Amino acid sequence: METLSERILEGPAGSYVDRAVDRAFAHDGTGIQALVALRGFKKQNLAAPEKVSIIYDHIAPANNTTTANLQHDLRDFSISKGFSFHDVGCGICHQIMSEGECLPGEIVVGADSHSCTMGALGAFATGVGATDMAGIWATGETWFRVPETINVHLSGDFSGFAEPKDAALMYIKKLGMDGGTYMALEFTGEGAEAMPVSGRLTLSNMAVETGAKAGLFYSDKKTAEYLAEYGKKADIQTPSDCSYERTVNIDLSNLEPLLAVPNRVDNAVPVTDYSGTKLDQVFLGTCTNGRYDDLLRFSAIVKGKKVKVRTVVVPASRSVLSKALKNGILSDIIEAGCTVCPPGCGPCLGAHMGVLGEGEVGLSTANRNFKNRMGVGAEYYLCSPQTAAASAVTGEITSPEELL
Amino acid sequence: MKISGHAVVIGSDVDTDMIIAGRYLRTTDKKIWVEHAFEDYDSTIAERLRGSVIIAGNNIGCGSSREQAAAALKEAGVLAVVAPSFARIFFRNCVNLGLYVFECDITGCKDGDIVTFDPDMSYVETGGKIYEAKELSEKMKDILKAGGLAGYLGEKR
(Lines give C-alpha, C1' and ligand atoms only; values in the text may rest on other atoms or scores of the structure.)
Protein backbone atom coordinates (compact mmCIF):
# COMPACT_ATOMS: atom_id res chain seq x y z
CA MET A 1 0.00 0.00 0.00
CA GLU A 2 1.06 3.55 -0.59
CA THR A 3 2.04 6.49 1.54
CA LEU A 4 0.21 9.72 0.76
CA SER A 5 3.28 11.02 -1.11
CA GLU A 6 3.44 7.87 -3.25
CA ARG A 7 -0.29 8.14 -3.94
CA ILE A 8 -0.11 11.77 -5.08
CA LEU A 9 3.17 11.49 -7.01
CA GLU A 10 2.05 8.14 -8.51
CA GLY A 11 5.30 6.28 -8.03
CA PRO A 12 7.09 4.13 -5.49
CA ALA A 13 9.49 5.71 -2.97
CA GLY A 14 12.94 6.15 -4.46
CA SER A 15 11.76 6.47 -8.07
CA TYR A 16 12.17 9.61 -10.17
CA VAL A 17 9.05 10.97 -11.86
CA ASP A 18 8.20 13.94 -14.08
CA ARG A 19 4.90 15.48 -13.01
CA ALA A 20 2.74 18.41 -14.02
CA VAL A 21 2.52 20.98 -11.24
CA ASP A 22 -1.04 21.89 -10.22
CA ARG A 23 -0.08 25.17 -8.55
CA ALA A 24 3.23 27.02 -8.59
CA PHE A 25 3.99 30.11 -6.53
CA ALA A 26 6.79 32.50 -5.70
CA HIS A 27 7.14 35.68 -3.64
CA ASP A 28 8.78 39.05 -4.21
CA GLY A 29 12.19 37.68 -3.21
CA THR A 30 12.34 34.47 -5.23
CA GLY A 31 9.92 35.56 -7.96
CA ILE A 32 12.28 38.19 -9.34
CA GLN A 33 15.14 35.67 -9.33
CA ALA A 34 12.90 33.21 -11.21
CA LEU A 35 12.09 35.94 -13.74
CA VAL A 36 15.81 36.61 -14.26
CA ALA A 37 16.34 32.85 -14.72
CA LEU A 38 13.44 32.67 -17.21
CA ARG A 39 14.97 35.51 -19.23
CA GLY A 40 18.11 33.38 -19.52
CA PHE A 41 16.18 30.55 -21.21
CA LYS A 42 16.25 30.23 -25.00
CA LYS A 43 12.44 30.07 -25.16
CA GLN A 44 10.52 32.15 -22.65
CA ASN A 45 6.95 31.11 -23.41
CA LEU A 46 4.85 30.08 -20.40
CA ALA A 47 3.10 26.71 -20.20
CA ALA A 48 0.20 27.54 -17.88
CA PRO A 49 0.29 31.07 -16.42
CA GLU A 50 -3.13 30.55 -14.82
CA LYS A 51 -1.53 28.01 -12.46
CA VAL A 52 1.08 30.48 -11.18
CA SER A 53 0.63 32.71 -8.12
CA ILE A 54 2.92 35.58 -7.12
CA ILE A 55 2.56 36.92 -3.59
CA TYR A 56 4.45 39.94 -2.20
CA ASP A 57 5.37 39.26 1.42
CA HIS A 58 9.09 39.35 2.15
CA ILE A 59 9.70 43.10 1.91
CA ALA A 60 6.17 44.39 1.66
CA PRO A 61 5.71 47.28 1.12
CA ALA A 62 9.12 47.93 -0.44
CA ASN A 63 11.74 49.49 1.83
CA ASN A 64 14.01 51.22 -0.70
CA THR A 65 14.49 52.02 -4.38
CA THR A 66 16.35 48.80 -5.26
CA THR A 67 13.60 46.62 -3.80
CA ALA A 68 10.87 48.79 -5.31
CA ASN A 69 12.43 48.49 -8.78
CA LEU A 70 12.70 44.70 -8.54
CA GLN A 71 9.08 44.51 -7.35
CA HIS A 72 7.96 46.83 -10.14
CA ASP A 73 9.55 44.58 -12.76
CA LEU A 74 7.97 41.36 -11.40
CA ARG A 75 4.59 43.03 -10.83
CA ASP A 76 4.36 44.22 -14.44
CA PHE A 77 5.45 40.85 -15.75
CA SER A 78 3.02 38.88 -13.54
CA ILE A 79 0.00 41.00 -14.43
CA SER A 80 0.81 41.09 -18.15
CA LYS A 81 1.19 37.29 -18.27
CA GLY A 82 -1.98 36.51 -16.35
CA PHE A 83 -0.43 35.14 -13.15
CA SER A 84 -2.61 35.25 -10.04
CA PHE A 85 -0.97 38.31 -8.49
CA HIS A 86 -1.24 39.25 -4.80
CA ASP A 87 0.29 42.63 -4.05
CA VAL A 88 1.67 44.03 -0.77
CA GLY A 89 -0.75 43.73 2.14
CA CYS A 90 -2.40 40.47 0.99
CA GLY A 91 -0.25 38.32 3.22
CA ILE A 92 2.37 35.60 3.42
CA CYS A 93 2.58 33.35 0.35
CA HIS A 94 1.96 30.12 2.30
CA GLN A 95 -1.02 31.61 4.08
CA ILE A 96 -2.52 32.91 0.82
CA MET A 97 -2.02 29.50 -0.78
CA SER A 98 -3.69 27.81 2.18
CA GLU A 99 -6.72 30.11 1.94
CA GLY A 100 -8.36 28.14 -0.85
CA GLU A 101 -5.67 28.42 -3.56
CA CYS A 102 -4.71 24.76 -3.40
CA LEU A 103 -6.52 21.52 -2.66
CA PRO A 104 -5.93 18.02 -1.24
CA GLY A 105 -4.20 15.67 -3.66
CA GLU A 106 -2.61 18.45 -5.70
CA ILE A 107 1.06 18.86 -6.47
CA VAL A 108 2.05 22.29 -5.22
CA VAL A 109 5.51 23.77 -5.70
CA GLY A 110 6.67 27.05 -4.21
CA ALA A 111 9.88 29.00 -4.56
CA ASP A 112 10.32 29.11 -0.80
CA SER A 113 11.52 26.44 1.61
CA HIS A 114 8.36 26.60 3.73
CA SER A 115 6.12 25.60 0.81
CA CYS A 116 5.70 22.30 2.65
CA THR A 117 3.04 24.17 4.69
CA MET A 118 0.30 23.09 2.28
CA GLY A 119 0.90 19.45 3.19
CA ALA A 120 -1.50 20.24 6.04
CA LEU A 121 -4.30 20.18 3.47
CA GLY A 122 -3.27 16.82 2.02
CA ALA A 123 -1.42 18.33 -0.94
CA PHE A 124 2.07 17.22 -1.91
CA ALA A 125 3.73 20.58 -1.42
CA THR A 126 7.42 21.31 -1.55
CA GLY A 127 9.94 24.09 -2.07
CA VAL A 128 12.36 24.69 -4.92
CA GLY A 129 14.82 27.38 -5.98
CA ALA A 130 14.35 30.15 -8.52
CA THR A 131 15.63 28.35 -11.63
CA ASP A 132 13.41 25.33 -10.93
CA MET A 133 10.49 27.74 -10.58
CA ALA A 134 11.33 29.36 -13.92
CA GLY A 135 11.47 25.86 -15.42
CA ILE A 136 7.96 25.16 -14.07
CA TRP A 137 6.66 28.45 -15.49
CA ALA A 138 8.11 27.46 -18.88
CA THR A 139 7.16 23.77 -19.01
CA GLY A 140 4.39 23.35 -16.45
CA GLU A 141 6.19 20.40 -14.89
CA THR A 142 9.23 19.29 -12.93
CA TRP A 143 10.96 16.15 -11.72
CA PHE A 144 10.56 14.64 -8.27
CA ARG A 145 12.27 11.88 -6.40
CA VAL A 146 9.35 10.15 -4.68
CA PRO A 147 10.32 10.34 -1.01
CA GLU A 148 10.39 7.67 1.63
CA THR A 149 8.16 8.63 4.54
CA ILE A 150 8.68 9.07 8.26
CA ASN A 151 5.51 8.74 10.31
CA VAL A 152 5.05 11.31 13.05
CA HIS A 153 2.37 9.70 15.21
CA LEU A 154 0.54 12.07 17.52
CA SER A 155 -1.37 10.58 20.43
CA GLY A 156 -3.27 12.17 23.29
CA ASP A 157 -4.55 15.68 23.62
CA PHE A 158 -2.81 18.95 24.51
CA SER A 159 -2.97 19.87 28.17
CA GLY A 160 -2.19 23.14 29.95
CA PHE A 161 -0.69 25.74 27.63
CA ALA A 162 1.03 23.35 25.21
CA GLU A 163 -0.09 23.89 21.61
CA PRO A 164 0.74 22.87 18.03
CA LYS A 165 4.00 24.89 17.93
CA ASP A 166 5.29 22.93 20.91
CA ALA A 167 4.46 19.69 19.10
CA ALA A 168 6.38 21.00 16.07
CA LEU A 169 9.44 21.86 18.17
CA MET A 170 9.25 18.42 19.77
CA TYR A 171 9.18 16.41 16.53
CA ILE A 172 12.07 18.50 15.19
CA LYS A 173 14.01 17.84 18.39
CA LYS A 174 13.36 14.11 17.99
CA LEU A 175 14.32 14.01 14.30
CA GLY A 176 17.12 16.58 14.31
CA MET A 177 17.88 19.20 11.69
CA ASP A 178 18.71 16.57 9.05
CA GLY A 179 16.65 13.63 10.33
CA GLY A 180 14.12 14.03 7.52
CA THR A 181 16.45 14.86 4.63
CA TYR A 182 15.08 13.73 1.22
CA MET A 183 12.01 12.27 2.95
CA ALA A 184 8.39 13.19 3.60
CA LEU A 185 6.75 13.33 7.02
CA GLU A 186 3.22 12.00 7.50
CA PHE A 187 1.36 13.17 10.60
CA THR A 188 -1.15 10.60 11.83
CA GLY A 189 -2.89 9.44 15.00
CA GLU A 190 -5.74 10.73 17.10
CA GLY A 191 -3.77 13.89 17.90
CA ALA A 192 -3.46 14.68 14.18
CA GLU A 193 -7.14 13.96 13.57
CA ALA A 194 -8.25 16.17 16.45
CA MET A 195 -6.00 19.07 15.47
CA PRO A 196 -7.64 22.02 13.73
CA VAL A 197 -6.27 22.92 10.30
CA SER A 198 -4.56 26.02 11.71
CA GLY A 199 -2.44 23.79 13.96
CA ARG A 200 -1.77 21.29 11.17
CA LEU A 201 -0.43 24.17 9.07
CA THR A 202 2.05 24.95 11.89
CA LEU A 203 3.31 21.35 11.99
CA SER A 204 3.56 20.94 8.22
CA ASN A 205 5.26 24.34 7.91
CA MET A 206 8.23 23.24 9.99
CA ALA A 207 8.80 19.88 8.24
CA VAL A 208 11.61 21.47 6.24
CA GLU A 209 13.46 22.21 9.49
CA THR A 210 14.21 18.46 9.63
CA GLY A 211 15.34 18.54 6.00
CA ALA A 212 12.07 16.93 4.88
CA LYS A 213 10.67 17.56 1.43
CA ALA A 214 7.05 17.57 2.57
CA GLY A 215 4.94 17.20 5.70
CA LEU A 216 1.48 15.79 5.07
CA PHE A 217 -1.79 15.30 6.89
CA TYR A 218 -4.61 13.26 5.35
CA SER A 219 -7.48 15.46 4.24
CA ASP A 220 -10.54 14.80 6.39
CA LYS A 221 -13.79 16.39 7.54
CA LYS A 222 -11.89 19.21 9.23
CA THR A 223 -9.98 19.95 6.01
CA ALA A 224 -13.22 19.96 4.03
CA GLU A 225 -14.89 22.34 6.49
CA TYR A 226 -11.85 24.61 6.46
CA LEU A 227 -11.73 24.80 2.66
CA ALA A 228 -15.48 25.26 2.45
CA GLU A 229 -14.96 28.60 4.24
CA TYR A 230 -13.01 29.65 1.14
CA GLY A 231 -15.67 28.27 -1.20
CA LYS A 232 -13.69 25.17 -2.11
CA LYS A 233 -14.74 21.54 -2.15
CA ALA A 234 -12.15 19.11 -0.84
CA ASP A 235 -11.75 15.39 -1.38
CA ILE A 236 -11.29 13.24 1.71
CA GLN A 237 -8.19 11.04 1.76
CA THR A 238 -8.37 7.71 3.56
CA PRO A 239 -5.12 6.38 5.00
CA SER A 240 -4.12 2.90 3.93
CA ASP A 241 -1.65 0.54 5.57
CA CYS A 242 1.72 1.55 4.23
CA SER A 243 5.33 1.12 5.07
CA TYR A 244 7.14 3.92 6.81
CA GLU A 245 10.90 4.39 7.01
CA ARG A 246 10.46 4.93 10.75
CA THR A 247 7.90 6.18 13.25
CA VAL A 248 8.32 8.95 15.79
CA ASN A 249 5.75 8.97 18.59
CA ILE A 250 4.69 12.11 20.38
CA ASP A 251 2.24 12.08 23.24
CA LEU A 252 0.63 15.51 23.13
CA SER A 253 -0.69 15.15 26.68
CA ASN A 254 2.91 15.14 27.99
CA LEU A 255 4.00 18.27 26.15
CA GLU A 256 4.86 21.49 27.94
CA PRO A 257 5.64 24.89 26.37
CA LEU A 258 9.00 24.65 24.58
CA LEU A 259 11.68 27.02 23.42
CA ALA A 260 14.17 26.46 20.57
CA VAL A 261 17.42 27.91 21.83
CA PRO A 262 19.83 29.71 19.47
CA ASN A 263 21.13 28.79 16.93
CA ARG A 264 19.46 25.47 16.21
CA VAL A 265 15.80 24.75 15.58
CA ASP A 266 16.21 21.21 16.98
CA ASN A 267 17.53 22.56 20.27
CA ALA A 268 14.20 22.55 22.14
CA VAL A 269 14.02 22.79 25.93
CA PRO A 270 11.21 23.62 28.40
CA VAL A 271 10.52 27.36 28.44
CA THR A 272 11.08 27.31 32.21
CA ASP A 273 14.79 26.45 31.66
CA TYR A 274 15.23 30.02 30.45
CA SER A 275 12.68 31.82 32.64
CA GLY A 276 13.78 35.35 33.45
CA THR A 277 15.96 35.90 30.36
CA LYS A 278 15.55 39.61 29.55
CA LEU A 279 14.10 40.36 26.11
CA ASP A 280 14.45 43.29 23.72
CA GLN A 281 11.68 42.24 21.34
CA VAL A 282 8.85 39.76 21.04
CA PHE A 283 7.54 38.91 17.57
CA LEU A 284 4.24 37.17 16.83
CA GLY A 285 3.63 36.23 13.23
CA THR A 286 5.13 34.35 10.22
CA CYS A 287 3.96 31.44 8.09
CA THR A 288 4.34 29.28 11.20
CA ASN A 289 2.25 31.23 13.69
CA GLY A 290 0.58 34.30 12.19
CA ARG A 291 -2.87 32.79 11.79
CA TYR A 292 -6.10 33.88 13.43
CA ASP A 293 -6.01 31.10 16.06
CA ASP A 294 -2.46 32.20 16.97
CA LEU A 295 -3.53 35.83 17.38
CA LEU A 296 -6.53 34.67 19.39
CA ARG A 297 -4.41 32.65 21.85
CA PHE A 298 -1.92 35.53 22.11
CA SER A 299 -4.61 38.13 22.73
CA ALA A 300 -6.29 36.04 25.43
CA ILE A 301 -3.11 36.45 27.51
CA VAL A 302 -2.22 40.10 26.78
CA LYS A 303 -5.79 41.41 26.96
CA GLY A 304 -6.18 44.03 29.66
CA LYS A 305 -2.43 44.04 30.40
CA LYS A 306 0.50 46.12 29.12
CA VAL A 307 3.48 44.55 27.38
CA LYS A 308 6.84 45.37 29.00
CA VAL A 309 8.97 44.94 25.89
CA ARG A 310 8.53 46.11 22.30
CA THR A 311 6.20 43.61 20.72
CA VAL A 312 5.64 43.30 16.98
CA VAL A 313 2.54 41.50 15.72
CA VAL A 314 2.21 40.66 12.03
CA PRO A 315 -0.99 38.91 10.89
CA ALA A 316 -0.29 36.29 8.22
CA SER A 317 -2.83 37.63 5.76
CA ARG A 318 -5.42 40.30 5.13
CA SER A 319 -8.20 37.87 5.98
CA VAL A 320 -6.50 37.09 9.32
CA LEU A 321 -6.19 40.83 9.97
CA SER A 322 -9.83 41.46 9.02
CA LYS A 323 -11.11 38.66 11.23
CA ALA A 324 -8.98 39.88 14.16
CA LEU A 325 -10.35 43.37 13.60
CA LYS A 326 -13.95 42.23 13.36
CA ASN A 327 -13.78 40.04 16.45
CA GLY A 328 -12.12 42.70 18.58
CA ILE A 329 -8.89 40.85 19.33
CA LEU A 330 -6.89 43.37 17.33
CA SER A 331 -7.92 46.15 19.74
CA ASP A 332 -6.95 43.93 22.68
CA ILE A 333 -3.50 43.48 21.10
CA ILE A 334 -3.07 47.18 20.25
CA GLU A 335 -4.33 48.39 23.63
CA ALA A 336 -1.80 46.08 25.31
CA GLY A 337 0.89 48.19 23.61
CA CYS A 338 1.84 45.93 20.71
CA THR A 339 2.88 47.28 17.30
CA VAL A 340 0.80 45.79 14.50
CA CYS A 341 2.49 45.67 11.06
CA PRO A 342 0.87 44.93 7.69
CA PRO A 343 0.55 41.25 6.68
CA GLY A 344 3.88 39.84 5.51
CA CYS A 345 6.97 38.06 6.80
CA GLY A 346 9.74 40.70 6.84
CA PRO A 347 11.08 40.34 10.41
CA CYS A 348 11.52 36.55 10.24
CA LEU A 349 14.41 36.76 7.81
CA GLY A 350 15.79 40.02 9.15
CA ALA A 351 14.53 41.90 6.11
CA HIS A 352 12.02 44.46 7.23
CA MET A 353 9.80 45.76 10.08
CA GLY A 354 11.30 44.27 13.20
CA VAL A 355 15.00 43.57 12.58
CA LEU A 356 17.00 43.11 15.81
CA GLY A 357 20.13 45.10 16.71
CA GLU A 358 23.53 43.80 17.74
CA GLY A 359 23.52 42.23 21.19
CA GLU A 360 19.72 42.19 21.38
CA VAL A 361 17.72 39.17 22.47
CA GLY A 362 14.46 38.37 20.73
CA LEU A 363 11.67 35.86 21.15
CA SER A 364 9.80 34.87 18.03
CA THR A 365 7.04 32.54 16.89
CA ALA A 366 8.95 31.95 13.63
CA ASN A 367 10.61 28.78 12.40
CA ARG A 368 14.34 29.56 12.30
CA ASN A 369 16.75 30.83 14.94
CA PHE A 370 19.87 30.66 12.76
CA LYS A 371 22.81 32.90 13.63
CA ASN A 372 22.30 36.50 12.47
CA ARG A 373 19.08 35.65 10.63
CA MET A 374 16.83 38.15 12.36
CA GLY A 375 19.59 40.73 12.83
CA VAL A 376 23.39 40.69 12.79
CA GLY A 377 24.78 40.00 16.25
CA ALA A 378 21.35 39.35 17.76
CA GLU A 379 20.12 36.08 19.14
CA TYR A 380 16.62 34.83 19.39
CA TYR A 381 14.53 32.02 20.69
CA LEU A 382 11.55 30.33 19.03
CA CYS A 383 8.31 29.65 20.88
CA SER A 384 4.52 29.36 20.66
CA PRO A 385 2.12 32.34 20.51
CA GLN A 386 1.12 31.80 24.16
CA THR A 387 4.73 31.77 25.35
CA ALA A 388 5.31 34.92 23.27
CA ALA A 389 2.33 36.57 24.95
CA ALA A 390 3.36 35.62 28.51
CA SER A 391 6.91 36.84 27.81
CA ALA A 392 5.70 40.11 26.26
CA VAL A 393 3.71 40.83 29.40
CA THR A 394 6.71 40.28 31.72
CA GLY A 395 9.50 41.52 29.40
CA GLU A 396 11.44 38.33 29.96
CA ILE A 397 11.16 34.71 28.87
CA THR A 398 8.14 33.35 30.71
CA SER A 399 6.08 30.21 30.34
CA PRO A 400 2.35 30.93 30.14
CA GLU A 401 2.02 28.42 32.97
CA GLU A 402 4.15 30.66 35.22
CA LEU A 403 2.09 33.74 34.48
CA LEU A 404 -1.23 32.53 35.75
CA MET B 1 38.41 14.99 -18.27
CA LYS B 2 39.42 15.27 -14.64
CA ILE B 3 39.15 18.52 -12.73
CA SER B 4 41.12 19.37 -9.58
CA GLY B 5 40.62 22.04 -6.97
CA HIS B 6 41.78 22.93 -3.50
CA ALA B 7 39.56 21.94 -0.59
CA VAL B 8 37.67 24.52 1.44
CA VAL B 9 36.41 22.62 4.47
CA ILE B 10 33.26 23.69 6.33
CA GLY B 11 31.19 22.07 9.10
CA SER B 12 27.78 20.41 9.36
CA ASP B 13 24.38 22.11 9.07
CA VAL B 14 25.82 25.18 7.32
CA ASP B 15 22.58 26.90 6.31
CA THR B 16 22.01 29.13 3.30
CA ASP B 17 21.85 32.20 5.58
CA MET B 18 25.50 31.41 6.38
CA ILE B 19 26.39 31.02 2.70
CA ILE B 20 24.75 34.33 1.78
CA ALA B 21 22.99 36.47 4.37
CA GLY B 22 19.45 37.77 3.84
CA ARG B 23 20.64 41.38 3.78
CA TYR B 24 22.43 40.81 0.44
CA LEU B 25 19.59 39.09 -1.41
CA ARG B 26 17.69 42.00 -2.89
CA THR B 27 19.75 42.50 -6.01
CA THR B 28 20.38 40.72 -9.28
CA ASP B 29 24.08 41.66 -9.16
CA LYS B 30 25.87 38.32 -8.60
CA LYS B 31 29.13 40.07 -7.67
CA ILE B 32 27.57 41.15 -4.38
CA TRP B 33 26.88 37.52 -3.46
CA VAL B 34 30.45 36.52 -4.32
CA GLU B 35 31.87 39.34 -2.21
CA HIS B 36 29.80 38.41 0.86
CA ALA B 37 29.78 34.61 0.57
CA PHE B 38 30.13 32.90 3.97
CA GLU B 39 30.50 36.33 5.62
CA ASP B 40 28.59 35.34 8.77
CA TYR B 41 30.20 31.89 8.93
CA ASP B 42 33.90 32.59 8.30
CA SER B 43 34.87 35.81 6.57
CA THR B 44 38.19 34.33 5.36
CA ILE B 45 36.42 31.85 3.05
CA ALA B 46 35.27 34.22 0.28
CA GLU B 47 38.80 34.92 -0.95
CA ARG B 48 39.62 31.20 -1.11
CA LEU B 49 36.69 30.12 -3.26
CA ARG B 50 38.08 30.48 -6.81
CA GLY B 51 39.09 27.05 -8.08
CA SER B 52 37.97 25.33 -4.88
CA VAL B 53 35.99 22.22 -4.01
CA ILE B 54 33.83 22.75 -0.94
CA ILE B 55 34.05 19.84 1.48
CA ALA B 56 31.10 20.16 3.82
CA GLY B 57 29.64 18.20 6.70
CA ASN B 58 26.08 16.85 6.84
CA ASN B 59 23.07 18.81 5.64
CA ILE B 60 24.89 21.50 3.66
CA GLY B 61 22.60 24.29 2.45
CA CYS B 62 19.75 23.70 4.88
CA GLY B 63 17.21 26.42 5.59
CA SER B 64 16.08 29.02 3.10
CA SER B 65 15.54 28.05 -0.55
CA ARG B 66 17.50 31.11 -1.72
CA GLU B 67 19.20 30.18 -4.97
CA GLN B 68 21.65 33.02 -4.37
CA ALA B 69 23.58 30.58 -2.12
CA ALA B 70 24.36 28.22 -4.99
CA ALA B 71 24.74 31.17 -7.38
CA ALA B 72 27.32 32.80 -5.10
CA LEU B 73 29.43 29.64 -5.12
CA LYS B 74 29.11 29.15 -8.86
CA GLU B 75 29.93 32.78 -9.58
CA ALA B 76 32.89 32.70 -7.16
CA GLY B 77 34.46 29.89 -9.16
CA VAL B 78 33.71 26.93 -6.88
CA LEU B 79 34.15 23.74 -8.95
CA ALA B 80 32.07 21.31 -6.89
CA VAL B 81 30.44 20.74 -3.51
CA VAL B 82 31.06 17.46 -1.66
CA ALA B 83 29.09 16.45 1.45
CA PRO B 84 27.75 13.31 3.14
CA SER B 85 24.24 14.81 2.83
CA PHE B 86 22.71 17.87 1.21
CA ALA B 87 19.58 19.84 1.99
CA ARG B 88 17.48 18.96 -1.04
CA ILE B 89 16.60 22.43 -2.35
CA PHE B 90 20.25 23.52 -2.23
CA PHE B 91 21.16 20.27 -4.03
CA ARG B 92 18.69 20.97 -6.83
CA ASN B 93 19.81 24.60 -7.04
CA CYS B 94 23.44 23.54 -7.52
CA VAL B 95 22.48 21.11 -10.30
CA ASN B 96 20.26 23.72 -11.96
CA LEU B 97 23.15 26.19 -12.05
CA GLY B 98 25.63 23.61 -13.33
CA LEU B 99 27.59 23.27 -10.10
CA TYR B 100 28.80 19.70 -9.53
CA VAL B 101 27.60 17.93 -6.39
CA PHE B 102 28.95 14.73 -4.83
CA GLU B 103 27.12 13.06 -2.00
CA CYS B 104 29.89 11.26 -0.15
CA ASP B 105 31.79 11.42 3.11
CA ILE B 106 35.42 12.48 2.80
CA THR B 107 36.80 12.13 6.27
CA GLY B 108 40.03 13.80 7.22
CA CYS B 109 40.19 16.22 4.28
CA LYS B 110 41.91 19.49 5.24
CA ASP B 111 41.79 23.01 3.86
CA GLY B 112 44.04 23.23 0.80
CA ASP B 113 44.14 19.47 0.05
CA ILE B 114 43.80 18.74 -3.65
CA VAL B 115 40.46 17.16 -4.57
CA THR B 116 39.93 15.68 -8.03
CA PHE B 117 36.75 14.61 -9.81
CA ASP B 118 35.57 13.60 -13.27
CA PRO B 119 32.33 15.40 -14.19
CA ASP B 120 31.04 12.21 -15.83
CA MET B 121 31.78 9.93 -12.90
CA SER B 122 30.31 9.59 -9.45
CA TYR B 123 33.38 9.61 -7.26
CA VAL B 124 35.99 12.03 -5.97
CA GLU B 125 39.68 11.47 -5.23
CA THR B 126 41.83 13.01 -2.56
CA GLY B 127 44.91 11.96 -0.61
CA GLY B 128 45.35 8.93 -2.89
CA LYS B 129 41.92 7.56 -2.02
CA ILE B 130 38.73 7.23 -4.04
CA TYR B 131 35.39 8.08 -2.45
CA GLU B 132 32.26 6.73 -4.14
CA ALA B 133 29.40 9.22 -4.36
CA LYS B 134 25.71 8.39 -4.61
CA GLU B 135 24.74 8.19 -8.28
CA LEU B 136 22.67 11.06 -9.69
CA SER B 137 19.51 10.45 -11.71
CA GLU B 138 19.89 10.46 -15.51
CA LYS B 139 18.03 13.76 -15.71
CA MET B 140 20.29 15.43 -13.15
CA LYS B 141 23.32 14.20 -15.10
CA ASP B 142 21.85 15.64 -18.32
CA ILE B 143 21.14 18.98 -16.64
CA LEU B 144 24.74 19.16 -15.37
CA LYS B 145 26.10 18.19 -18.79
CA ALA B 146 24.14 21.07 -20.30
CA GLY B 147 25.66 23.46 -17.77
CA GLY B 148 22.39 23.84 -15.86
CA LEU B 149 18.63 23.87 -16.36
CA ALA B 150 18.69 26.83 -18.80
CA GLY B 151 21.04 24.94 -21.11
CA TYR B 152 19.11 21.68 -20.67
CA LEU B 153 15.75 23.24 -21.54
CA GLY B 154 17.42 25.08 -24.44
CA GLU B 155 18.40 21.71 -25.92
CA LYS B 156 15.03 20.05 -25.25
CA ARG B 157 12.62 22.75 -26.34
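**Exercise 1. In this predicted model, determine how many salt bridges are counted between domain 1 of chain A and domain 3 of chain A, and describe the contact between these two domains.**

*Solution.* Begin with the charged pairs: a salt bridge requires a side-chain nitrogen of Lys or Arg within 4 Å of a carboxyl oxygen of Asp or Glu, and between domain 1 of chain A and domain 3 of chain A the count is zero.

Next, locate the two parts in the chain, where the domain assignment places domain 1 at 17-145, domain 2 at 149-254 and domain 3 at 259-403 of chain A. The contact between domain 1 of chain A and domain 3 of chain A draws on 18 residues of the former and 19 residues of the latter, while their centres, taken over C-alpha atoms, are separated by 27 Å.

Then turn to the area, bearing in mind that the size of an interface is often expressed as the accessible area lost when the parts come together. Domain 1 and domain 3 of chain A bury about 1500 Å² between them, with carbon and sulfur atoms giving 58% of it.

Finally, consider polarity: nine residue pairs, both at pLDDT 80 or more, are in polar contact across this interface of domain 1 and domain 3 of chain A. On the side of domain 1 of chain A that touches domain 3, the residues comprise eight nonpolar, eight polar and two charged.

**Exercise 2. Find how many salt bridges cross the interface of chain B and chain A, and work out which three residues of chain B supply more of its buried area than any other three.**

*Solution.* Start with the extent of the interface, to which chain B contributes 38 residues and chain A 46 residues. The area buried between chain B and chain A is about 3700 Å², 53% of which lies on carbon and sulfur atoms. Of the area that chain B buries against chain A, 23% is supplied by Arg26(B), Arg92(B) and Arg157(B), more than by any other three residues.

The next step is to count the interactions: the rule finds four salt bridges across the interface of chain B and chain A, one joining the side chains of Arg92(B) and Asp132(A) at 2.8 Å, N to O. Polar contact, for its part, links 23 residue pairs across the interface of chain B and chain A, both residues being at pLDDT 80 or more.

The last step assigns the chain B side to secondary structure and class. Helices H1 (16-19), H4 (88-96), H5 (138-145) and H6 (149-156) of chain B each supply at least two residues of the side that touches chain A, and the largest share, five residues, comes from H4(B). By class, this side of chain B holds twelve nonpolar, 13 polar and 13 charged residues.

Terms used
Residues are numbered from 1 along each chain as its sequence is written. Chains are lettered from A and ligands numbered from 1 in the order in which they are written. This is a predicted model: local features need pLDDT of at least 70, side-chain atom pairs count only at pLDDT 80 or more; totals for chains, interfaces and linings use all residues. Side-chain values use heavy atoms; hydrogens and water are left out. Contact means heavy atoms within 4.5 Å. Buried area is the accessible area (1.4 Å probe) that two parts lose on being put together, summed over both. A polar contact is a pair of N or O atoms within 3.5 Å; within protein, one must be able to donate a hydrogen and the other to accept it, and residues adjacent in sequence count only if both atoms are side-chain atoms. Helices (H or I, at least four residues) and strands (E, at least two) are DSSP runs, numbered from the N terminus. Ala, Val, Leu, Ile, Met, Phe, Trp, Tyr, Cys and Pro count as nonpolar, Asp, Glu, Lys and Arg as charged, and the others, Gly among them, as polar. Domain bounds come from an automatic or database domain assignment.
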